[in-house]
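I opened the notebook to record what I looked up in this structure, entry by entry. I begin with one residue and its surroundings and work outward from there.

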Amino acid sequence: RDGRLHALADGRWPTAELLKRFSVFAATSSWGAPMPQPMLRLLVCRHGEPRSTELDPGLTSFGLRSARKLGDWAIGQIADVHAIVHTRTQRTLQTATELALMWPALAVGPIDGVPDQVEDGLGFTERLWRVHGGNVVVVGHHTTLQMICRDLLPPPVVLPRPAPCSAVVVQGMPGSEDWRLMAWRSGPLST
């Protein structure tokens, strides 16, 4: 064992050999068994109730209160959050900002390059994992929620048009088709 450490320190092992040995060590436990794949938990929610008088409306006062209530529910579903992302609209930004009060150390940021409609749920989750490395809250629109559920959950998952502040919690391994519905919240709770 000491010889290996000295070989590392002396630079006698070629870089390729070091990488090979390190990747084997990093992918196995101390007993040599494969390490479990990381589980990703996503909380995917629809924005709060928008004002209907603008092109890119913000939230009504009821929508803001509903987003706060959603945050109270969300913290019980997914305590360890690495990021909060949202589509590029005022209503999703305001909802994400209210949710961020539950995880104050997090920054809120838009989903770069992802439209309001997610076309590939598996690819989307892989990208979230690569960028954020852990559990993520996604604030979007009814189509965001429906399409992610359609792509990740086994049939027959049919979601009606979700009400404002509806949310799902799904869990699975990035890159796999083995995802499960962990929790569902339909619409705003009484405020």
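**Entry 1: Val-44.** I started by listing what Val-44 touches, leaving out residues up to four places away in sequence, and found Val-138, Thr-144, Leu-145, Ile-148, Ser-166, Ala-167 and Val-168. I note here that I am working with a predicted model. Val-44 lies in strand 1, and because its relative accessible area is 1%, I put it down as buried. I also looked up its separation from Cys-149: the two residues are 105 apart along the chain, while their C-alpha atoms are separated by 8.9 Å.

**Entry 2: the chain as a whole.** Before going further I wanted the outline, and I counted 6 helices and 6 strands in the chain. Read from the N terminus on, the elements follow the order α-α-β-α-β-α-β-α-β-α-β-β. Of the 191 residues of the chain, 41% count as buried. I then took the contacts between residues at least 6 apart in sequence, and 68% of these join residues at least 24 apart.

**Entry 3: helix 6.** Is helix 6 enclosed by the rest of the structure or open? I found that 8 of the 11 residues of helix 6, which spans residues 142-152, are buried, so I recorded this helix as largely enclosed by the rest of the structure. The buried residues are His-142, Thr-143, Thr-144, Leu-145, Met-147, Ile-148, Cys-149 and Leu-152. I looked at Ile-148 in helix 6 on its own, and with a relative accessible area of 1% it is buried. Ile-148 and Leu-42 are 106 residues apart in sequence, and I have their C-alpha atoms 9.9 Å apart in space.

**Entry 4: the cysteines.** How many disulfides does a search of the whole structure find? The search returned 0 disulfides. Cys-165 is accordingly in no disulfide, and the nearest cysteine sulfur to its own, that of Cys-45, is 7.1 Å away. I placed Cys-165 in the loop between helix 6 and strand 5 (167-172). Cys-165 counts as buried because its relative accessibility is 0%, and Cys-149 also counts as buried, at 1%. I then checked the backbone of Cys-165 and found phi near 65°, a positive value in a residue other than glycine. I marked this for a second look because most residues other than glycine have a negative phi.

**Entry 5: helix 3 against helix 4.** Two packed helices are described by the angle between their axes and the distance between the axes, so I looked up both values. Helix 3 (residues 61-77) and helix 4 (residues 90-100) pack at an angle of about 45°, and their axes are 8 Å apart. That angle makes helix 3 oblique to helix 4, and I noted that helix 3 passes helix 4 in a right-handed crossing. On the helix 3 side the residues that meet helix 4 are Leu-64, Ala-67, Arg-68, Leu-70 and Gly-71, and on the helix 4 side they are Gln-94, Thr-95, Glu-98 and Leu-99. Sorted by character, the residues of this contact divide into 4 nonpolar, 3 polar and 2 charged.

**Entry 6: helix 4 and Thr-92.** I listed the buried residues of helix 4 as Arg-91, Thr-92, Thr-95, Ala-96, Glu-98, Leu-99 and Ala-100. What covers the buried residues of helix 4? I found that the cover includes strand 1 (40-46), helix 3, strand 2 (83-86), strand 3 (108-110) and strand 4 (136-140). Thr-92, which lies in helix 4, is buried, with a relative accessible area of 0%. Setting aside its neighbours within four places in sequence, I found Thr-92 in contact with His-47, His-86, Thr-87, Val-139, Gly-140 and His-141.

**Entry 7: Trp-73.** I finished with Trp-73, which lies in helix 3. Its relative accessible area is 18%, and I entered it as buried because the cut-off is under 20%. Not counting residues up to four places away in sequence, Trp-73 touches Leu-43, Ala-167, Val-169, Ala-183, Trp-184 and Arg-185. I also looked up Trp-73 and Leu-99, which are 26 residues apart in sequence and, from C-alpha to C-alpha, 9.9 Å apart in space.

Notes: Residues are numbered from 1 along each chain as its sequence is written. This is a predicted model: local features need pLDDT of at least 70, side-chain atom pairs count only at pLDDT 80 or more; totals for chains, interfaces and linings use all residues. Side-chain values use heavy atoms; hydrogens and water are left out. Buried means under 20% relative accessible area, exposed over 50%, partly exposed in between (1.4 Å probe, protein chains only). Helices (H or I, at least four residues) and strands (E, at least two) are DSSP runs, numbered from the N terminus. Axes are lines fitted to C-alpha atoms, for helices over the stretch in contact, and angles run from 0 to 180 degrees between N-to-C directions. Angles under 35 degrees count as roughly parallel, over 145 as roughly antiparallel, 65 to 115 as roughly perpendicular and the rest as oblique. A crossing is left-handed if the near helix is turned anticlockwise from the far one by less than a right angle, and right-handed if clockwise. Contact means heavy atoms within 4.5 Å. Ala, Val, Leu, Ile, Met, Phe, Trp, Tyr, Cys and Pro count as nonpolar, Asp, Glu, Lys and Arg as charged, and the others, Gly among them, as polar. A disulfide is a pair of cysteine sulfur atoms within 2.5 Å.
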